[in-house]
Amino acid sequence: MTTICPESLAACKAYMRVDGSEEDTLISSLLASAFEYLTSAGIFRTADNSARYDIVAYSLTLYYYDHRDAVSTETEMPRGLRPVINQLKLDATAQAVADSYEEGSDGRS
């Protein structure tokens, strides 16, 4: 499981507008889940995308937090979240392609 540093937890709680420490364990678990979701989608935090990455992770955490009691109903992600996730995925793909060209592994002789 992903370990959440205190700074990330504090920033996420500020984004979520949660005061106090009663829910810290839950929010840490939800934030770790958001980070793992992004990683499994092929999105990694870099110096170039850190602000967008963090906002997406915090938004996912808030979404998970607000829907934690939903048992069998699927709810849609917030409207603006999917386009940012897609953009981060495209950025990661573009970077991987650029890296492969720099390494000379583009298949050309």
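**Helix packing in a predicted model**

Modeller: In this predicted model, helix α2 passes helix α3 in a right-handed crossing.

Colleague: Why are α2 and α3 called oblique to each other?

Modeller: The two helices, residues 24-40 and residues 50-66, pack at an angle of about 125°. Angles of 65 to 115 degrees count as roughly perpendicular and those over 145 as roughly antiparallel. The value of about 125° falls in neither range, and α2 and α3 are therefore oblique.

Colleague: How far apart are the axes of α2 and α3?

Modeller: The axes lie 8 Å apart.

Colleague: Which residues of α2 meet residues of α3?

Modeller: Among them are Leu26, Ile27, Leu30 and Phe35 in α2, which belong to a contact with residues of α3 including Tyr53, Val56, Leu60 and Tyr64. The residues of this contact divide into 15 nonpolar, three polar and no charged.

Colleague: Which residues of helix α1 are buried?

Modeller: In α1, residues 6-16, the buried residues are Ser8, Leu9, Cys12, Lys13 and Met16. Buried here means under 20% relative accessible area.

Colleague: Why are the buried residues of α1 said to line one face of the helix?

Modeller: Seen down the axis of α1, these residues fall within an arc of 130°, so they line one face. On the other side, Pro6, Glu7 and Ala14 are exposed, a word that requires over 50% relative accessible area.

Colleague: Against what do the buried residues of α1 pack?

Modeller: They pack against α2 and α3.

Colleague: What follows α1?

Modeller: Arg17 follows α1, and the phi of Arg17 is positive, near 60°.

Conventions. Residues numbered from 1 in each chain as written. Predicted model: local features only at pLDDT ≥ 70, side-chain atom pairs only at ≥ 80, totals over all residues. Heavy atoms only, no water. Axes fitted to C-alpha atoms, helices over the stretch in contact; angles between N-to-C directions. Helix = DSSP H or I, 4+ residues; strand = E, 2+ residues; numbered from the N terminus. Parallel < 35°, antiparallel > 145°, perpendicular 65-115°, else oblique. Left-handed = near helix turned anticlockwise from the far one by under 90°. Contact = heavy atoms within 4.5 Å. Nonpolar A, V, L, I, M, F, W, Y, C, P; charged D, E, K, R; others polar. Buried < 20%, exposed > 50% of the residue type's maximum accessible area, 1.4 Å probe, protein only. Arc of directions from axis to C-beta.
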